[in-house]
Amino acid sequence: MVDFNMAEDQVPLEKSNGEQAPEPTGRPPTGRNGMEAEVLLQEISTFCRRHQMAETTFGRRAVNDGKFVGRLKYGGRVTTSTVERVRAFMTDASKAETNGDGAPQLQGFNSALTVSGGATPQPGPELTPEQNFRFYDNRQKYLMFVNTCSEKWVVADRITQELEHIRPNPPALRLFDAGVGDGTVLARVMRSMHRRFEKFPFYIVAKEISLEDVRLTLEKTPDRFFEHPATVLILTNLNYAEAPWLIPNNPEAAARIVWKEVALQGTTTAEFEQQITELQPFLAENWRASVSKKTGNPVYEKPVVLVLYREDCKFLLDSVIPKRGAIRADYDLVIASQPFRARAPVEFKAKRVLAPLVKSLAPGGRLLGIHSCGGDPALEIIQKVWPGEQPFTTSRHELLRATKNALGRAAHNFSFISNSDAKSLFRYDMHTLPNEIDQESSIGTSTLLAAWNAATYVAQIEDQRLAQVMSDQNYLTATKEVLSERGGLWFFDESYVISRKRDLH
Ligand SMILES: C[S@@+](CC[C@H](N)C(=O)[O-])C[C@H]1O[C@@H](n2cnc3c(N)ncnc32)[C@H](O)[C@@H]1O
């Protein structure tokens with residue numbers, strides 16, 4: 001019965017009838033068993049993330065087979081009894097933890113691995129999650145969302161509409177992206193800016209606390225430098241109240257700022273890409289974040305400003321390239337797209353994020369704010385599983401009022417534009433195969449999982465609650481019901497504008 005190339009402690013992925021299961025296919029699981037494996041994999045990765053457990057440790061603890069999860073990922077088939085065993089382990093562990101009776105030793109994850117950007121992970125000192133903050137408690141969900149939904153396209157289109165309203169002054173069009181994320185939105189907006197303002201130099205500052213996101217954003221820039229040579233792109237991990245001015249408010253932090261200027265050599269995207277890739281060690285060394293014990297918010301460990309432009313445009317851009325100590329904000333356009341967590345208090349959103357950003361506007365400058373607002377099938381899925389759940393706590397009207405208050409007397413310099421729902425709300429969709437949603441039976445598991453992932457990502461449901469509901473299939477049934485009732489999955493974002501009045505004199 002035992003396959004000789006299977007090590008002792010490996011759980012034979014045998015069929016329920018005891019027959020030897022075929023070797024892993026290396027392809028994602030398919031068919032009913034494939035479906036089960038895919039769902040189980042999703043549950044295991046959520047569980048491991050929440051318990052900060054390596055998948056090998058999980059395999060060893062759940063089924064005494066360190067390679068279990070790996071094989072499952074590679075198309076290994078799984079017997080129903082093993083599925084039940086794995087689920088029982090996860091349920092017990094979660095129960096043990098919630099009853100606080102000292103959940104069985106679940107540690108064994110070495111967070112240092114996440115820091116060493118691409119280099120072979122070397123076991124390092126045990127870093128607490130606080131010390132080694134990674135934004136978004138899970139990147140898979142974020143990147144899966146970005147790739148399975150059209151939000152970034154639709155958001156970029158909405159931002160592009162603002163280009164019609166700005167009147168940049170020499171020497172450059174000045175744009176600030178308040179939390180660039182993976183850079184998909186910014187890259188699309190830079191393309192639209194090139195089309196609209198081809199002969200204008202660009203001064204673009206993108207704030208981002210997450211190392212992974214900075215990497216993903218930089219990957220999208222070589223073509224931008226090629227198509228629009230007169231570009232100065234600045235990335236910084238400073239916080240919202242500092243980043244527009246590229247200097248920390250705290251003098252001690254300002255004294256230890258890491259300021260790196262890179263004049264890109266050459267004229268081709270390949271040359272730019274190579275030089276940008278060579279920045280990895282610098283980024284891994286300096287772009288670190290941890291969680292503030294006081295606020296629970298991510299904070300940079302070292303203040304960093306990275307300035308990029310083409311060497312062959314240095315002369316042309318001399319008055320655009322920021323000079324330390326002589327930096328002005330004066331942005332024509334500030335993008336504040338999903339810049340804070342939905343459940344953050346309105347005071348935090350207004351005082352700590354929007355008010356400082358608004359003060360960085362040039363006369364005639366505009367801040368465009370965008371956030372999720374619900375009222376869509378995605379929220380229906382959430383409320384089927386968590387009745388009464390309301391993730392989107394702050395409407396654009398409340399946010400504009402709170403920002404006006406936070407600005408105090410300076411508020412009269414600005415216009416607060418909430419627009420009608422028809423103008424403010426916009427929809428984006430989850431990509432599905434044509435007529436896949438027509439009949440309930442034809443909705444594939446990957447579509448169900450993608451829908452569940454997108455709905456819980458947008459509603460920013462914490463892993464702990466996710467793991468609890470993913471120990472049975474109800475969440476998939478709820479997702480399927482909404483998809484077939486509504487004929488697809490879409491979401492609503494709402495937008496608002498705060499513009500700085502032009503100097504009248
Ligand atoms: C979902 S991403 C949005 C990315 C991009 N603007 C977009 O619309 O695709 C959220 C962004 O907000 C930033 N962010 C959210 N909360 C933050 C906080 N408390 N402190 C610093 N940055 C935060 C993240 O770093 C990230 O860039």
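A salt bridge is a side-chain nitrogen of Lys or Arg within 4 Å of a carboxyl oxygen of Asp or Glu. Arg-256 and Glu-252 form one such pair, and their closest N and O atoms are 2.7 Å apart. The model described here is a predicted one.

## Salt bridges

In total, the structure holds 20 salt bridges. Side chains of opposite charge can pair when their charged atoms come close. Three of the pairs are set out below.

| Pair | Closest N to O distance |
|---|---|
| Arg-256 and Glu-252 | 2.7 Å |
| Arg-465 and Glu-462 | 2.8 Å |
| Asp-182 and Lys-220 | 3.9 Å |

Start with Arg-256 and Glu-252. Arg-256 has a relative accessibility of 36%, so this residue counts as partly exposed. Glu-252 stands at 45% and is also partly exposed, because exposed begins over 50%.

Next come Arg-465 and Glu-462, whose side chains meet at 2.8 Å, N to O. Glu-462 is partly exposed, with a relative accessible area of 32%. This pair belongs to a network: salt bridges with shared partners join Arg-343, Glu-389, Glu-462 and Arg-465.

The third pair is Asp-182 with Lys-220, at 3.9 Å between the closest N and O atoms. Asp-182 sits in the loop between β1 (173-178) and α7 (184-196), and Lys-220 in the loop between α8 (211-219) and α9 (222-227), so the bridge ties together parts that are 38 residues apart in sequence. Is Asp-182 buried or exposed? Asp-182 has 5% relative accessibility, so it counts as buried. Lys-220 has 26%, so it counts as partly exposed.

## Nonpolar cores

In soluble globular proteins, nonpolar side chains tend to be buried together. The largest nonpolar core here has 48 residues. Which of them touch the most other members? They are Tyr-203, Leu-357 and Leu-367. Helix α13 (residues 346-359) gives the most to this core, with six residues.

Take Leu-367 as a way in. Beyond its neighbours within four places in sequence, Leu-367 is in contact with Val-334, Ala-336, Leu-354, Leu-357, Val-358 and Leu-361. Tyr-496, Val-497 and Ile-498 complete the list of its contacts. A second, separate core has 41 residues, among them Leu-175, Leu-218, Leu-233 and Trp-287.

## Helix packing

Helix α13 also packs against another helix. Its axis and that of helix α15 (residues 396-407) come within 8 Å and cross at roughly 65°. That angle makes α13 roughly perpendicular to α15. The crossing is right-handed. On the α13 side, the residues that meet α15 include Val-346, Ala-350, Leu-354 and Val-358. Lys-349, Lys-351 and Lys-359 are also among them. On the α15 side, the contacting residues are Glu-398, Leu-399, Ala-402, Thr-403, Ala-406 and Leu-407. Leu-354 and Val-358 appear here and also among the contacts of Leu-367.

A second helix pair gives another geometry. Helix α5 (residues 139-148) packs with α8 at an angle of about 30°, and their axes are 12 Å apart. That makes α5 roughly parallel to α8, because angles under 35 degrees count as such. Here too the crossing is right-handed. Arg-139, Tyr-142 and Leu-143 of α5 meet Glu-212, Asp-213 and Leu-216 of α8.

Now turn to helix α14 (residues 377-385). Which of its residues are buried? They are Pro-377, Ala-378, Leu-379, Ile-381 and Ile-382. Their cover includes α17 (445-458), α19 (474-486) and β12 (490-500).

## Backbone details in the loops

Three loop residues deserve a look. The peptide bond from Pro-170 to Pro-171 is cis, with omega near 10°. Pro-171 lies in the loop between α6 (151-162) and β1.

Asp-330 has a positive phi, near 50°, and is a residue other than glycine. Where is Asp-330 placed? Its place is in the loop between β7 (304-310) and β8 (331-337). Asp-330 has 28% relative accessibility, so it counts as partly exposed.

Gln-460 has a positive phi as well, near 50°. Gln-460 lies in the loop between α17 and α18 (463-469). With a relative accessible area of 23%, Gln-460 is partly exposed. Helix α17, at one end of this loop, is also part of what covers the buried residues of α14.

Methods
Residues are numbered from 1 along each chain as its sequence is written. This is a predicted model: local features need pLDDT of at least 70, side-chain atom pairs count only at pLDDT 80 or more; totals for chains, interfaces and linings use all residues. Side-chain values use heavy atoms; hydrogens and water are left out. A nonpolar core is a set of buried Ala, Val, Leu, Ile, Met, Phe, Trp, Tyr and Cys residues joined through side-chain atoms within 4.5 Å. Buried means under 20% relative accessible area, exposed over 50%, partly exposed in between (1.4 Å probe, protein chains only). Helices (H or I, at least four residues) and strands (E, at least two) are DSSP runs, numbered from the N terminus. Contact means heavy atoms within 4.5 Å. Axes are lines fitted to C-alpha atoms, for helices over the stretch in contact, and angles run from 0 to 180 degrees between N-to-C directions. Angles under 35 degrees count as roughly parallel, over 145 as roughly antiparallel, 65 to 115 as roughly perpendicular and the rest as oblique. A crossing is left-handed if the near helix is turned anticlockwise from the far one by less than a right angle, and right-handed if clockwise.
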